[in-house]
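Please read the following remarks with the model open beside you. They concern cysteines and one sheet.

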Amino acid sequence: MDKNNVPDELNEEINEQIRSRIEKNKQRALLLRKTKVVSHPHTKSDNEHGVQSKVIKVSGQKVIDSGAGFLIEEDDDLEAAMCSITANPAPIVSTLPVCIECSKEFKDSYLLQKFDYVACDNCRDNDGKHSLITRTEAKQEYLLKDCDLDKREPPLKFILRKNPHNIRWGEMKLYLQIQIEERALQVWGSEEALIEEREKRDVKRQETKIKKFNKKVKRLRMEVRSSLYDKTQKASHTHVYGDDTYNSDDDTYTHTCTECGFEETYEKM
């Protein structure tokens, strides 16, 4: 059959099949290289890049025995693709954490272990933002609740320490200062809002103290007035005594008020 008489559609279909087969062989070769498939131990390397393969003929067509259970048609494009993979290895991706302070990689650190805070030991500031703060201080100073520390995502990590004031008391929970500050900003939105709320609570606390003081003063005044009232009543009272009782031991007489029970002892001349 004369090639010139072959329809263009048929030529295009044949060319597409050839390109598809070549592409398929390329992908197989790449897969073999990437997964480091090793053929039979007695198979010798037939190229300078060390790719283990064996060329055989099947029905007059040269094919490559991959050693992985299938045959690949020998093709110049396939060889070039395999050489390209060997010459350009994939870049190595580092998985080490990067310090947020100095932007350097590090393997491990105290802050990362204890608080999940990505900072190396060289950048640790024990007297500043990386200092520790108790749970009570965090709640009072930054107006945080238990749910803000334990429930809000992510829950803040802490370490336990013995109470320095009394070893019999419960252990203290110590948090990282900078993480407490960040959590307070999440809760209140801004530092200005936190300061404003703190001032409001201080004013309310002072008002409560003044009310308690005034209430206490009022109670004392009422007690004093009641005491003075009782003394006035007693001073204006006129005793009405009953019969006299003679005491022979000391030659005195005693009589008692019939209204208030006041008892008076006296001598008769």
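1. A disulfide, as counted here, is a pair of cysteine sulfur atoms within 2.5 Å. Such a link is a covalent bond between the sulfur atoms of two cysteines. The model discussed in this note is a predicted one.

2. How many disulfides does the structure hold? The number is zero. C120 shows why a given cysteine is left unpaired: its closest cysteine sulfur belongs to C123 and lies 3.5 Å away, which is too far for a bond, because the cut-off is 2.5 Å.

3. The surroundings of two cysteines may also be noted. C120 has a relative accessible area of 8% and is therefore buried, since buried means under 20%. C257 is likewise classed as buried, with a relative accessibility of 4%.

4. Turning to the sheet, three strands form an open arrangement in the order β4-β6-β5, and their pairing is antiparallel. The strands at the edges, each paired on one side only, are β4 (132–134) and β5 (159–161). On average, neighbouring strands of this sheet are turned by 45 degrees against each other, direction ignored.

5. The pairing of β5 with β6 deserves a closer look. Three antiparallel bridges join β5 to β6, the strand of residues 172–176. For R161, the bridge partner in β6 is M172.

6. Which strands does helix α6 touch as it packs on the sheet? Helix α6, residues 177–188, touches β4 and β6. The direction of α6 makes an angle of about 75 degrees with that of β6.

Technical notes
Residues are numbered from 1 along each chain as its sequence is written. This is a predicted model: local features need pLDDT of at least 70, side-chain atom pairs count only at pLDDT 80 or more; totals for chains, interfaces and linings use all residues. Side-chain values use heavy atoms; hydrogens and water are left out. Two strands pair if DSSP finds at least two bridges between them. Helices (H or I, at least four residues) and strands (E, at least two) are DSSP runs, numbered from the N terminus. Axes are lines fitted to C-alpha atoms, for helices over the stretch in contact, and angles run from 0 to 180 degrees between N-to-C directions. Contact means heavy atoms within 4.5 Å. Buried means under 20% relative accessible area, exposed over 50%, partly exposed in between (1.4 Å probe, protein chains only).
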